[in-house]
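User: Hi, I have a protein to look at for class. Can you walk me through it?
Analyst: Sure, let's bring it up.

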Amino acid sequence: MSDPAPDPMVDESDFLAVMAEVCTPVTVVTSLDDALPYGTTVSAFASLSLRPPMVLVALERSSTLLAKLRRTRRFGVNILGSNQDAVARRFASKGIDKFHGIAWTESDGLPRLRDATGWIACRVQSFFEGGDHMLVTGVVERAVATPGAPLAYHRRTFGTHSEIAVSPR
Ligand SMILES: Cc1cc2nc3c(=O)[nH]c(=O)nc-3n(C[C@H](O)[C@H](O)[C@H](O)COP(=O)(O)O)c2cc1C
């Protein structure tokens, strides 16, 4: 059992407000358990290590996907493109057949979404406690880039990235 949460030193709304200013990637993390696909929208995704190649995701302790990862110990990361905001909304829901009407195939033994701009297949290395989330580290078994405009999340809205004009010196 983890220790009870200590009294917060900052106001929750201040923390949420500052984090809303952080532009994050949008991914759908997936797993396959007993031939059934599971997936969840995840912004807390980052590259962790190059040698060996590793990534990190953070999942709410109540996440259904987290329970699946504890069993299967494998996961896929679908890095969403700018035209996949509806996919992100769908996989941010709970308790419905999230894959209904979604174009996906099995790849590396994991659910892979069509039209994502990146695909990473991982084997779980470790789970770490992180407050009300769990950090999951994964060793990358396959990485495929399909370059395209990314889906980004900023101030609770979906958008994309664009290059800024080079400033004159
Ligand atoms: C843009 C966006 C980013 C999200 N990022 C995360 C995340 O990093 N980790 C997480 O656990 N939930 C995240 N969520 C919330 C989950 O997608 C949501 O709680 C989902 O219903 C969990 O489903 P599950 O219980 O089937 O795993 C995010 C939601 C949105 C809309």
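User: Okay, how much of the chain is buried?
Analyst: Buried residues make up 34% of the 169 residues in the protein chain. Keep in mind that this is a predicted model.

User: How many helices and strands does the chain have?
Analyst: The secondary structure comes to three helices and 12 strands.

User: And why can I call the chain as compact as a globular protein of that length?
Analyst: Compare two numbers. The radius of gyration is 17 Å, and the globule rule gives 15 Å for 169 residues; the two are close, so the chain is as compact as a globular protein of that length.

User: What does the C-alpha trace span?
Analyst: Along the principal axes, about 55 × 45 × 35 Å.

User: What about the accessible surface?
Analyst: The protein chain has about 10700 Å² of accessible surface. Carbon and sulfur atoms account for 56% of that surface.

User: Let's do the sheets. What is the strand order in the sheet of seven?
Analyst: The order is β3-β2-β6-β9-β10-β5-β4. The sheet is open, and the pairing is antiparallel. At the edges sit β3 (36-42) and β4 (45-49), each pairing on one side only.

User: How much are neighbouring strands turned against each other there?
Analyst: By 35° on average, with direction ignored.

User: What holds paired strands together in general?
Analyst: Strands of a sheet pair through backbone hydrogen bonds, either parallel or antiparallel.

User: Back to this one. How many bridges do β2 and β3 have?
Analyst: Seven, in the antiparallel sense. One facing pair is T30 and G39, with G39 in β3. The two strands form a hairpin with two residues between them. In that turn, D34 has a positive phi of about 50°.

User: And at the other edge, how many bridges join β4 to β5?
Analyst: Four bridges join β4 to β5 (residues 54-60), and the two strands run antiparallel. F45 stands opposite V57 in β5. S49 has M54 of β5 as its bridge partner. This is a hairpin too, with four residues between β4 and β5.

User: Which helix packs on that sheet of seven strands?
Analyst: Helix α2, residues 64-72. Helix α2 touches β2 (27-33), β3, β5, β6 (74-79), β9 (118-130) and β10 (133-145). The direction of α2 makes about 50° with that of β2.

User: New topic. Which residues touch the most other members in the largest nonpolar core?
Analyst: F75 and V136, out of 17 residues in that core. At least two core residues come from each of β5, α2, β6, β9 and β10.

User: Where else is there a core?
Analyst: A second, separate core has 10 residues. Among them are V26, A88, F91 and F99.

User: And the sheet of three strands, what order does it have?
Analyst: That open sheet runs β1-β11-β12, again with antiparallel pairing. Its edge strands are β1 (24-25) and β12 (157-159), and each pairs on one side only.

User: How many bridges join β11 to β12?
Analyst: Three bridges join β11 (residues 152-154) to β12, and these strands run antiparallel. H154 has T157 in β12 as its bridge partner.

User: Last one. What share of the contacts comes from residues 24 or more positions apart?
Analyst: 64% of the contacts in the chain with a separation of 6 or more.

Notes: Residues are numbered from 1 along each chain as its sequence is written. This is a predicted model: local features need pLDDT of at least 70, side-chain atom pairs count only at pLDDT 80 or more; totals for chains, interfaces and linings use all residues. Side-chain values use heavy atoms; hydrogens and water are left out. Two strands pair if DSSP finds at least two bridges between them. Axes are lines fitted to C-alpha atoms, for helices over the stretch in contact, and angles run from 0 to 180 degrees between N-to-C directions. Contact means heavy atoms within 4.5 Å. A nonpolar core is a set of buried Ala, Val, Leu, Ile, Met, Phe, Trp, Tyr and Cys residues joined through side-chain atoms within 4.5 Å. Buried means under 20% relative accessible area, exposed over 50%, partly exposed in between (1.4 Å probe, protein chains only). The radius of gyration is taken over C-alpha atoms; the globule rule is 2.2 Å times the number of residues to the power 0.38. Accessible areas come from the Shrake-Rupley method with a 1.4 Å probe; for residues, only the protein chains shown count as cover.
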